[in-house]
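Opening the notebook on a new model today. I'll go through it piece by piece and jot down what I look up.

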Amino acid sequence: MPRGTSVRHPLAGLTRDFHKIGPLNAAIEPGMAAELDQHAAEVSAAITSSGRSVTARSLGTYLHGFLDGCLERGWDSEAVEYDWETLRVLAICRLAKERGFVR
């Protein structure tokens, strides 16, 4: 794990939890892979457009803001299918794994 990334970091816990329900390491169908890639690109662009780099800290900050917004809108993560919000969170988790921020 990169220096400065705690096992209590929100990305670590969420990635561990989402690994149980989402395709973080397994092969996935091309359509879903494209959706996750698009979400990851949008997250990266949102972070870098403010002049910051994509780091564990900036990704964690984005994640907190995103989840706060979801909760304010009444999002329920108990849905059976992958809704837009779940795909965005999965993309954040995959991005964190790809960048080496979590294992």
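Where does Glu85 lie? I looked it up, and Glu85 sits in helix H4. Note to self before going on: this is a predicted model.

**Entry 1: Glu85**

I checked the accessibility of Glu85 and got a relative accessible area of 17%, so I put this residue down as buried, the cut-off being under 20%. Then I asked for the contacts of Glu85, leaving aside neighbours within four places in sequence, and got Phe66, Cys70, Arg73 and Trp75.

**Entry 2: the whole chain**

I stepped back to see the overall make-up. The chain has four helices and zero strands, and from the N terminus on I read the elements as α-α-α-α. Of its 103 residues, 43% count as buried. I also looked at contacts between residues at least 6 apart in sequence, and 67% of these join residues at least 24 apart. For the accessible surface of the chain I have about 6,300 Å², with 52% of that belonging to carbon and sulfur atoms.

**Entry 3: H3 against H4**

Glu85 got me curious about the helix pairs. H3 covers residues 56-72 and H4 covers residues 84-98; I find them packed at an angle of about 170°, with the axes 11 Å apart. I therefore call H3 roughly antiparallel to H4, as angles over 145 degrees go in that class. On the H3 side I listed Leu59, Tyr62, Leu63, Phe66, Leu67 and Cys70. They meet Trp84, Glu85, Arg88, Val89, Ile92, Leu95 and Ala96 of H4. Sorted by class, this contact of H3 with H4 comes out as eleven nonpolar, no polar and two charged residues.

**Entry 4: rings**

How many aromatic pairs does a search of the whole structure find? I ran through the lot and have two.

One is Tyr62 with Phe66: the ring centres are 6.4 Å apart and the planes are at 5°, so I log the pair as stacked. Both residues belong to helix H3, four residues apart, which is about one turn of the helix. I looked up Phe66 too, and at 11% relative accessibility Phe66 is buried.

Phe66 also pairs with Trp84, and I have that pair down as tilted, 5.8 Å centre to centre with 50° between the planes. Since Phe66 is in helix H3 and Trp84 is in helix H4, this pair ties together parts that are 18 residues apart in sequence. Trp84 has a relative accessible area of 44%, so I mark Trp84 as partly exposed. Ring pairs thus link Tyr62, Phe66 and Trp84 into a cluster.

**Entry 5: H2 against H4**

Next I took helix H2, residues 30-48, which packs with H4 at an angle of about 75°, the axes being 8 Å apart. That makes H2 roughly perpendicular to H4. From H2 I noted Met32, Glu35, Leu36, His39, Ala40, Glu42, Val43 and Ser44 in the contact. Their partners in H4 are Trp84, Leu87, Arg88, Leu90, Ala91, Ile92, Arg94 and Leu95. I split the residues of the contact of H2 with H4 by class and got ten nonpolar, two polar and four charged. Trp84 turns up here, and I had Trp84 on the list for H3 with H4 as well.

**Entry 6: H2 against H3**

At what angle do the axes of H2 and H3 cross? I have roughly 105°, and the axes come within 11 Å. So H2 is roughly perpendicular to H3. The contact is made by Val43, Ala46 and Ile47 on the H2 side and by Ser58, Leu59 and Tyr62 on the H3 side. By class I count five nonpolar, one polar and no charged residues in the contact of H2 with H3.

**Entry 7: Thr61**

Last lookup. Thr61 is placed in helix H3. At 45% relative accessibility, I have Thr61 as partly exposed. I also took the C-alpha to C-alpha distance from Thr61 to Ile47: they are 9.5 Å apart in space and 14 residues apart in sequence. Ile47 was already on my page as one of the H2 residues in the contact with H3.

Notes
Residues are numbered from 1 along each chain as its sequence is written. This is a predicted model: local features need pLDDT of at least 70, side-chain atom pairs count only at pLDDT 80 or more; totals for chains, interfaces and linings use all residues. Side-chain values use heavy atoms; hydrogens and water are left out. Axes are lines fitted to C-alpha atoms, for helices over the stretch in contact, and angles run from 0 to 180 degrees between N-to-C directions. Helices (H or I, at least four residues) and strands (E, at least two) are DSSP runs, numbered from the N terminus. Angles under 35 degrees count as roughly parallel, over 145 as roughly antiparallel, 65 to 115 as roughly perpendicular and the rest as oblique. Contact means heavy atoms within 4.5 Å. Ala, Val, Leu, Ile, Met, Phe, Trp, Tyr, Cys and Pro count as nonpolar, Asp, Glu, Lys and Arg as charged, and the others, Gly among them, as polar. Rings of Phe, Tyr and Trp (its six-membered ring) pair if their centres lie within 6.5 Å; planes under 30 degrees apart count as stacked, over 60 as edge-to-face and the rest as tilted. Buried means under 20% relative accessible area, exposed over 50%, partly exposed in between (1.4 Å probe, protein chains only). Accessible areas come from the Shrake-Rupley method with a 1.4 Å probe; for residues, only the protein chains shown count as cover.
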